[in-house]
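Please find below a short note for a colleague who has not yet looked at this entry. The points are numbered so that each can be checked on its own.

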Amino acid sequence: MRMRVCKRCGDMMSLQNDLCSECDYKMHEVFLQVKEYLSEHEGADAIQIATELSLDEADVLYLVDNHWLEREEQTPQGAARCMVCGRRADEGERMCKACKSSTQRSLEAAKRSLSAEAQARSKPAASNYSMNVRRRHDNQ
């Protein structure tokens with residue numbers, strides 16, 4: 001039998017689903033709460049939903065990422081939604097300012113790390129290049 005890891009709790013399971021039966025049941029309950037909330041608060045973002053319903057934001061985002069809910073690309077006012085967190089983003093942007101800043105910081109840190117690794121590899125170690133240099137006529 002094929003074993004899998006539950007995407008929500010990390011437990012091993014032998015089912016073909018992404019979630020174990022306990023997490024599947026919990027996510028179904030979360031889905032029903034969110035669905036009811038959205039019927040009264042259309043266009044709410046993941047943070048607002050999680051806060052208002054006292055849910056884990058990761059659970060709300062799981063519903064979106066796994067197509068239990070659809071992400072609304074544009075609000076009626078024309079403001080775009082962040083593709084990371086679901087908050088409102090500036091027009092023409094795919095991320096809100098907070099996620100964009102966080103992503104830029106992460107990319108800059110990764111760039112610095114890669115640059116440091118590349119410099120460390122390009123510098124020859126002193127022990128690798130210790131040689132005795134003699135003139136040709138000294139050997140005779």
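1. How far is the sulfur of C85 from the closest cysteine sulfur, and which residue holds that sulfur? The closest one is in C96, at 3.7 Å, which is too far for a bond. The model is a predicted one, and the distance is to be read as a value computed from it. C85 itself is buried, its relative accessible area being 5%.

2. A second cysteine gives a similar kind of reading. From the sulfur of C23, the closest cysteine sulfur is that of C20, 3.6 Å away and again too far for a bond. The cut-off for a disulfide is a pair of cysteine sulfur atoms within 2.5 Å, and by this rule the count is zero disulfides. A disulfide is a covalent bond between the sulfur atoms of two cysteines. C23 is buried as well, with 3% relative accessible area.

3. On the nonpolar interior: the largest nonpolar core has 21 residues. Those that touch the most other members are C6, L19, V34, I49, V60, L63 and L69. Two or more residues each are given to this core by α1, α2 (46-53) and α3. Helix α1 supplies the largest share, six residues.

4. On aromatic contacts: how many aromatic pairs does the structure hold? There is one. The partners are F31 and W68, arranged edge-to-face, with 5.8 Å from centre to centre and 75° between the planes. F31 belongs to helix α1 (residues 21-40), while W68 sits in the loop between α3 (57-65) and β3 (80-81), so the pair ties together parts that are 37 residues apart in sequence.

5. Are the two partners of that pair buried or exposed? F31 has 17% relative accessibility and counts as buried. W68, at 28%, counts as partly exposed. The cut-off for buried is under 20% relative accessible area, so F31 falls within it.

6. On charged pairs: side chains of opposite charge can pair when their charged atoms come close. The structure holds two salt bridges. One of them joins E22 and K26, whose closest N and O atoms are 3.2 Å apart. Both residues lie in helix α1, four residues apart, which is about one turn of the helix. E22 counts as exposed at 51% relative accessibility, whereas K26 is partly exposed, with a relative accessible area of 37%.

7. Which residue does E93 pair with in a salt bridge? The partner is K100, and the closest N and O atoms are 3.1 Å apart. E93 is partly exposed, at 32% relative accessible area. K100 is partly exposed too, at 34%.

8. On the surface, a nonpolar patch is formed by M3, V5 and M12. Together these residues have about 300 Å² of accessible area. M3 is placed in the segment before β1 (4-5). With a relative accessible area of 47%, M3 is partly exposed.

9. To sum up for a first reading: the predicted model has zero disulfides by the distance rule, one aromatic pair and two salt bridges. Helix α1 recurs in these points: F31 of the aromatic pair lies in α1, E22 and K26 both lie there, and the largest share of the largest nonpolar core comes from α1.

Technical notes: Residues numbered from 1 in each chain as written. Predicted model: local features only at pLDDT ≥ 70, side-chain atom pairs only at ≥ 80, totals over all residues. Heavy atoms only, no water. Phe/Tyr/Trp six-rings, centres within 6.5 Å; stacked < 30°, edge-to-face > 60°. Buried < 20%, exposed > 50% of the residue type's maximum accessible area, 1.4 Å probe, protein only. Salt bridge = Lys/Arg side-chain N within 4 Å of Asp/Glu carboxyl O. Patch = residues over 30% accessible without salt bridge, like charges linked within 9 Å, V, L, I, M, F, W, Y side chains within 5 Å. Areas by Shrake-Rupley, 256 points an atom, 1.4 Å probe, with all protein chains shown as cover. Core = buried A, V, L, I, M, F, W, Y, C linked by side-chain atoms within 4.5 Å.
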